[in-house]
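Colleague: I am new to reading protein models, and I would like to go through this one with you, step by step. Could you show it to me before we begin?

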Amino acid sequence: MSDSHIIPEFLYKDLYNKNHRMMEINGLKKKGWKPLQKGVRDKLLCADCESLLNQEYEIPFQKQWLMPESIAQNTTHTAVYDYPTFKLFHLSILFRASVSSLPAFQEVNLGMVHEERIRKMILSKDPGLNWEYPIQALAVINGYGKVEKRVITSPISRRFQNHIAYGQIYGGAMWWIMVSSHRNDRFCKEGLQLSGQITMPAIPWNEIGVIQDASKMVKRAPLK
């Protein structure tokens, strides 16, 4: 098994400082955070699977994922991407989070049925229809109206009209993926379309619960 990145390393590049270090906020010990030199990894995949994810999904996503520098609050950003590679890139991250044993991904539990279904979709390069594991996104902006790419969070789970959805921030957006065997038309309508089009409302980062929680963790960290 390889040391597999759950979140591909290229998404961490905006987080590093000049010494190629970043912080993991955990609310523990003196600072409430610890320095990291690389993105979080776990022993998950064989070399062939690593190569498939990199060549088929990570490289294509990296090439097509372009966000504007700024987005005004209360507006949206609409773009069109390659539906199969774009969707399967995000599903591959969700799958890795589910099978990982690391504490940072403990909220993701797809269960055997969905894990196996998504695994087969990834291997067969089949993204399914847009109502199958639909994806929504929010553009994360900071206090200056800039798209904030310096944040990667652990995934969280929430209920949406009796369906489970998993949310995680990376690449300047908060991504939500609904995991259900039944379609939810409202979620699908507001998410990634078969055409590859997706509309992302802009949301200030201080209004996102998971970022508020991280800030509170640091404030609660022991002084000594």
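**Helix packing and enclosed space**

Modeller: In this predicted model, we can begin with helices α1 and α2, whose axes lie 9 Å apart and which pack at an angle of about 120°.

Colleague: Which word describes how α1 lies to α2, roughly perpendicular or oblique?

Modeller: The angle between α1 and α2 is about 120°, and angles from 65 to 115 degrees count as roughly perpendicular. The angle therefore falls outside that range, and α1 is oblique to α2.

Colleague: What is the handedness of the crossing of α1 and α2, and which residues of α2 make the contact?

Modeller: The crossing of α1 and α2 is left-handed. On the α1 side the contact is made by L53, E56, Y57, E58, P60, F61 and Q64. On the α2 side the contact is made by T85, F86, L88, F89, H90, S92 and R96.

Colleague: How many charged residues does the contact of α1 with α2 have?

Modeller: Sorted by class, this contact of α1 with α2 has seven nonpolar and four polar residues. The charged residues in the contact of α1 with α2 number three.

Colleague: How does α1 lie to α3, oblique or roughly perpendicular?

Modeller: Helix α1 covers residues 47–64, and its axis comes within 10 Å of the axis of α3, crossing at roughly 70°. Because of that angle, the description that applies to α1 and α3 is roughly perpendicular.

Colleague: Which residues of α3 does α1 meet, and how many residues of that contact are nonpolar?

Modeller: From α1, the residues L52, L53 and Y57 meet M121, I122 and L123 in α3. The contact of α1 with α3 has no polar and no charged residues, while its nonpolar residues number six.

Colleague: Turning to the remaining pair, how does α2 lie to α3, oblique or roughly antiparallel?

Modeller: Helix α2 (residues 83–99) and helix α3 (residues 111–124) have axes that come within 10 Å and cross at roughly 140°. Only angles over 145 degrees count as roughly antiparallel, so α2 is, with respect to α3, oblique.

Colleague: Which residues of α3 are met by α2?

Modeller: The crossing of α2 and α3 is left-handed, and α2 brings L88, L91, S92, L94, F95, S98 and V99 to the contact. Across the whole contact of α2 with α3 there are eight nonpolar, two polar and two charged residues. The residues met in α3 are E115, I118, R119, M121 and I122.

Colleague: Which elements each supply at least two residues of the lining of the largest cavity?

Modeller: The structure holds one cavity of 30 Å³ or more, and about 90 Å³ of space lies in the largest cavity. Among its lining residues are H90, I93, L94, Y166, W175 and I177, and by class the lining has nine nonpolar, three polar and no charged residues. The elements that each supply at least two of the lining residues are α2, β8 and β9.

Colleague: How many charged residues are in the lining of the second largest pocket?

Modeller: About 200 Å³ of space lies in the second largest pocket, which is lined by residues including F10, K13, D14, W65 and K149. The lining of the second largest pocket has four nonpolar and two polar residues, and its charged residues number three.

Notes:
Residues numbered from 1 in each chain as written. Predicted model: local features only at pLDDT ≥ 70, side-chain atom pairs only at ≥ 80, totals over all residues. Heavy atoms only, no water. Axes fitted to C-alpha atoms, helices over the stretch in contact; angles between N-to-C directions. Helix = DSSP H or I, 4+ residues; strand = E, 2+ residues; numbered from the N terminus. Parallel < 35°, antiparallel > 145°, perpendicular 65-115°, else oblique. Left-handed = near helix turned anticlockwise from the far one by under 90°. Contact = heavy atoms within 4.5 Å. Nonpolar A, V, L, I, M, F, W, Y, C, P; charged D, E, K, R; others polar. 1 Å grid on protein atoms, 1.4 Å probe; cavity = no way out; pocket = protein on both sides within 12 Å on 5 of 7 lines; lining within 4 Å. Points joined across faces, edges and corners; volume = space filled by probe spheres on them.
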